[in-house]
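Student: I am new to this structure and would like a close look at one part of it. Please take the sheet and go through it strand by strand.

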Amino acid sequence: MRVSALALLLWCLPGWGASPVDVYAFPDAEAEARFRALIAEFRCPKCLNTNLAGSDAPIAQDLRAAVHRLVVREGLSDAEVRDYLQARYGDFVLYDPPLKAATLLLWGGPILFVLAGLGLIAWRLMHQRSAQLSDADQARLAKILDDA
Amino acid sequence: MNRIGLFAPLALFAVVLAIGYFGFQLDDPHRLPSALIGKPFPDFAAERLDGEAGGLVRRADLLGSPVLVNVWATWCPTCKAEHDELLRIRSRAPVRIIGINYKDDPVKARRWLAEYGDPYELNLIDADGALGVELGVYGAPETFLLNAGGDVVFKQVGAIDEQIWQQEIAPRLAAMGVPVADGEARIDAG
């Protein structure tokens, strides 16, 4: 009886009853912070619009384990971890895609829109100036107003 | 400004809307192009599923002739659907088929092969998915086609079916000098 009560108490302790999903050990707080930042940075290959940190997909669990291994055991830098994942899963896993021929429209698109907007404004201003009344029209307008 | 000109912004808006509507349908957003296409299959060392002696299987064991590397598992229903197609390919073309038993129970995997037939020359065990990460695998089934030099020529995510075989794999095998029995395929399909 006492043993089972003890077991129940132990089970209630934080961590004992919790599921053992993703329990990672870190040598220091800095490594943990880097790990958290990295898994928040990558996109899960299986699920759109979810990062590695927020996904329950098996592949996301595997990749979290891989990032943990690279950061803690192999001591890779953030840039090396990025290269590692990009070499295997391509640009798909990056939320911050690199500038290259295939992504030129993505990066240049906003600039194109700004230029188009500026062009539109310039065109409107010039159009307005040409729409100002000539001297003859002004005289006619004054006459009409006088008559009224 | 004339009256028709007043509709210009609306027309522009409609164009943007149309580009968005059709543009997002052009490409499957789930499509993840393999980063390995045209690159060498990574180095690896893995145990054999059949437990046969001879040590670990390495990348060098895949070289010499074109090979299909098929990632599968017994927990994956699509792999069951793909299995018959792999058996057909086995009977149709003299291409090596190497299996990677992905995050699976070896006992179940061996039972599966005994029960449904074994299209594989040999199977590797990837118990924790680490080899899968090296390959950029994110589910099962996935299949890589390697040339004799061990470069990845093609990757199929999802099951290989008759259409994928006819359109993607058989022509590539033929180009690499593998005799593909086309006639047999039609008899099978009929």
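Tutor: What follows describes the sheet of chain B, after a short look at the chain around it.

The model is predicted. Chain B holds six helices and seven strands. Starting at the N terminus, its elements follow the order α-β-β-β-α-β-α-β-α-β-β-α-α. The radius of gyration of chain B is 22 Å, well over the 16 Å given by the globule rule for 190 residues, so the chain is more spread out than a compact globule. The C-alpha trace spans about 85 × 40 × 30 Å along its principal axes. Of the 190 residues in chain B, 33% are buried.

Now the sheet. It is open and built from five strands of chain B, in the order E5-E4-E3-E6-E7, with mixed pairing. Strand E5 (122-126) and strand E7 (152-157) of chain B are at the edges; each has a single partner strand, so one side of each has no neighbour in the sheet. On average, neighbouring strands here are turned by 20° against each other, direction ignored.

Within this order, strand E3 (residues 67-72) and strand E6 (residues 142-146) of chain B form an antiparallel pair over five bridges. In that pair, B:Val69 stands opposite B:Phe144 of E6(B). A helix also packs on the sheet: H5 (residues 162-175) of chain B touches E6 and E7 of chain B. The direction of H5 makes about 165° with that of E7(B).

As for contacts in chain B between residues at least 6 apart in sequence, 75% join residues at least 24 apart.

Technical notes
Residues numbered from 1 in each chain as written. Chains lettered and ligands numbered in written order. Predicted model: local features only at pLDDT ≥ 70, side-chain atom pairs only at ≥ 80, totals over all residues. Pairing = 2+ DSSP bridges. Helix = DSSP H or I, 4+ residues; strand = E, 2+ residues; numbered from the N terminus. Axes fitted to C-alpha atoms, helices over the stretch in contact; angles between N-to-C directions. Contact = placed C-beta atoms within 7 Å. Rg over C-alpha atoms; globule rule 2.2 N^0.38 Å. Buried ≥ 20, exposed ≤ 12 C-beta atoms within 10 Å, placed from the backbone.
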